Amino acid sequence: MCAKNTSFVDTDVDLHLKISNYEETVKHLDIYYGIVKRQLLRYQSAITGLFPVLSDDEKVASVRDSVYCAAAIWSLFQAYRRIDDDRGKSYELGQSAVKCMRGILACWIRQADLIECFKKHQCNKFALHSKFNLKNGDVVHSGDGYPHLQIDAVSLYLIYLVQMTTSGLQIIYTKDEVAFVQNLVYYIERAYRTPDYAMWERGSSYNDNTPEIHASSIGMAKSALESINGCNLFGDKGASWSVIYVDIDAHNRNRSIFETLLPRESSSKAVDSSLITTVSYPAFATHEDVLVSYTKANIVKKLKGRYGFKRFKRDGYKCAIEDKKRKFYNVGETKDFENIENEWPLFFLYMIIDGVFKNLPQQVKEYKTLLKDVMTIDSFGDPYVPMFYYITKENVEYERADPGSQLRSAGPKYEDSKASPLFLWNQALYIIAELLTSNLLHINELDPIRRYLPSYNRPKRPGRYSAFQTRQSSGTATDLVVQVVLIAESMRLQAMMATYGIQTQTPHEVEPVQIWSSTELMKVYTNLGINDKLKLTGRPLRPIGALGTSKMYRVCGMTVLCYPLIFEVSEFYLYRDMSLLIDDIKTELKFVSRFWRLSGRPTICLLIREEHMRDPQFEEMLDLFAMLKKGHCDGIKVRIGRLQNLLSSSCMEHLDFVNNIGAQDFEFQPFKQLEYDYSGYQSLTDVPKAMVYSEDIINVQVIYFIFY
């Protein structure tokens, strides 16, 4: 649960600030306040609170650019909070950021029907829009008429929603909005398998309207899931029903695919500058130092230029020779843009911010020097960072022959000699970078939830909800102990297992804890995010994975432990294969041990049925239990014990949203213990034998006659 700002931001933040003169601090802040007013707030819509991409655009607002503008305004708000008499500037800035974030939320809520369709069919047709009418928030482009499917934009919004809420701003007002944000989580959960158009709104590098799996989108979604898990959207004044829940298995899939893709961006892009925003500010999606360093070094080596970074190789956007009449390129046309791609100063700003977070003063100095050479002055005399630098048409051939030899011009350039408009994304990042490098803003104020720190170094959130809290072991958690509970289907099965020295418990013995199937838990989760007003149906019927069934749950006053999917009863013939089941158990233990990312130990329920004991290969199962009893299994630390003794060290998830629906609306079906007329184990003949199957005798001669 997101706590008040003071619980996350250190009380000694002021000690890190270099400016000791109070009046000088106020003077510096007022200078940046003026810049924000003239370069950002001036262009904020008075109705929707959104921002355009360029300052001269009075019709179309962009979600991604609006979020960054809100972040810049919020960062100045954070800096002003230490000033006692700010003459209302802090409140104005804070409410301007809130207005923008709520404006985006209002536009998206009007498209709640698209989210409902997207949960079933992940495609551009049902994607939330990334562009809206600046004045009234109406749809600008139809679903199929624009590449709206940009999972990174929705994820970015969720990250800043949590950051701003943690800092004390109130963005979410009603229960309906809480339900909608929960559905935004469902929207991004499957980023790892959803091709999108990503940050540059072009999909593949060939610009042929083909979406791709992008590492930048997956990483941003992974970061958003981590940030919003267990967050109370009402801040410290919230109730149990304003908490957001995240599927840990969905998070793990995104993490796994993201780190597998790095340092590559997608199948058509070997390197892309958008990854800087993912591995560094604002997402900080991975803390594998080697992976982060290699990804950044790869981008710097292949895309860095004198005027900025190229977005990706053979990027023809706004190039002098690009045909502006065509939306998409012809086959092989991207070859024409090789070595003449535009360079974007935007990434100098990202590298400056990254240097501050990573405490790399040399990097900060280097990119501040490069930025100074490409900056200009606007009509008010304020610093202005051009959108990009391009090669003019007459110099294209010279640049191709000798890359980096030609001077570039600032863009976009208009033929009627009008002054270039402001690129608000650049100006927003410039404000943030200047506040950080001027020591007017501390990194803990820009990142209250400590995304820049590995999860094991972040302050633990107060509250009763699970949180990502791993150990410092390169993400593998090699010293993690996996807790195992053995549940026998009946008392006589328990007695027989005891003769082999295997201590088990029956469902009656673990009471009041209930043993559930994962399908029962799925039914509970389907009520999370339901809203009749917005016609939202809650969580899709997606299976609960191995990590999800390794948590203990509190549901309507009941304590619940779920057994994994591998123990679900199935009519498929492989369900009867004992060797396969043993391999599945070992795989499950290894998977949970390697990818567990929550505070508390995982608890796995191994269900033993009587039909298992009748299997000829049951001895192999006994060997496995004997191995687990010794405390290890294929190099994994295991602890077998009574469930009651393992509760205190388990990871407990409180499903408080069920209390608002009412337990009477659910029909829970816990795992039932087999009952017999007598108790105790008498002999092996007490165990029912397998059913006798009678089959018709087939006349082989008749079959031979029919076919031959």
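Student: Which helices each supply at least two residues of the lining of the second largest cavity?

Tutor: The model is a predicted one. In it, the second largest cavity has a volume of about 110 Å³, and 15 residues line it. The helices that each supply at least two of its lining residues are α7 (175-189) and α9 (248-261).

Student: What supplies the largest share of the lining of the second largest cavity?

Tutor: Among the residues closest to the centre of this cavity are Val246, Asp247 and Ile248. The largest share of the lining is three residues, however, and the element that gives them is α7.

Student: How many residues of the lining of the second largest cavity are charged?

Tutor: Asp247 and Arg539 are among the residues closest to the cavity centre, and Asp and Arg count as charged. By class, the lining has eight nonpolar residues and two polar ones. The charged residues number five.

Student: Which helix gives the most to the largest nonpolar core?

Tutor: This core has 140 residues, and Trp108, Tyr157, Tyr160, Tyr281 and Leu429 have the most contacts inside it. With 13 residues, the helix that gives the most is α3 (residues 63-80).

Student: Which residue of α3 does Tyr157 touch?

Tutor: Leaving out residues up to four places away in sequence, Tyr157 touches Met101, Ile104, Leu105, Trp108 and Leu184, along with one further residue, at position 67. Helix α3 covers residues 63-80. The contact in that range is Val67.

Student: How many residues does the second, separate core have?

Tutor: Leu493, Ala546, Leu589 and Met621 are included in this core. Its residue count is 50.

Technical notes
Residues numbered from 1 in each chain as written. Predicted model: local features only at pLDDT ≥ 70, side-chain atom pairs only at ≥ 80, totals over all residues. Heavy atoms only, no water. 1 Å grid on protein atoms, 1.4 Å probe; cavity = no way out; pocket = protein on both sides within 12 Å on 5 of 7 lines; lining within 4 Å. Points joined across faces, edges and corners; volume = space filled by probe spheres on them. Helix = DSSP H or I, 4+ residues; strand = E, 2+ residues; numbered from the N terminus. Core = buried A, V, L, I, M, F, W, Y, C linked by side-chain atoms within 4.5 Å. Buried < 20%, exposed > 50% of the residue type's maximum accessible area, 1.4 Å probe, protein only. Contact = heavy atoms within 4.5 Å.
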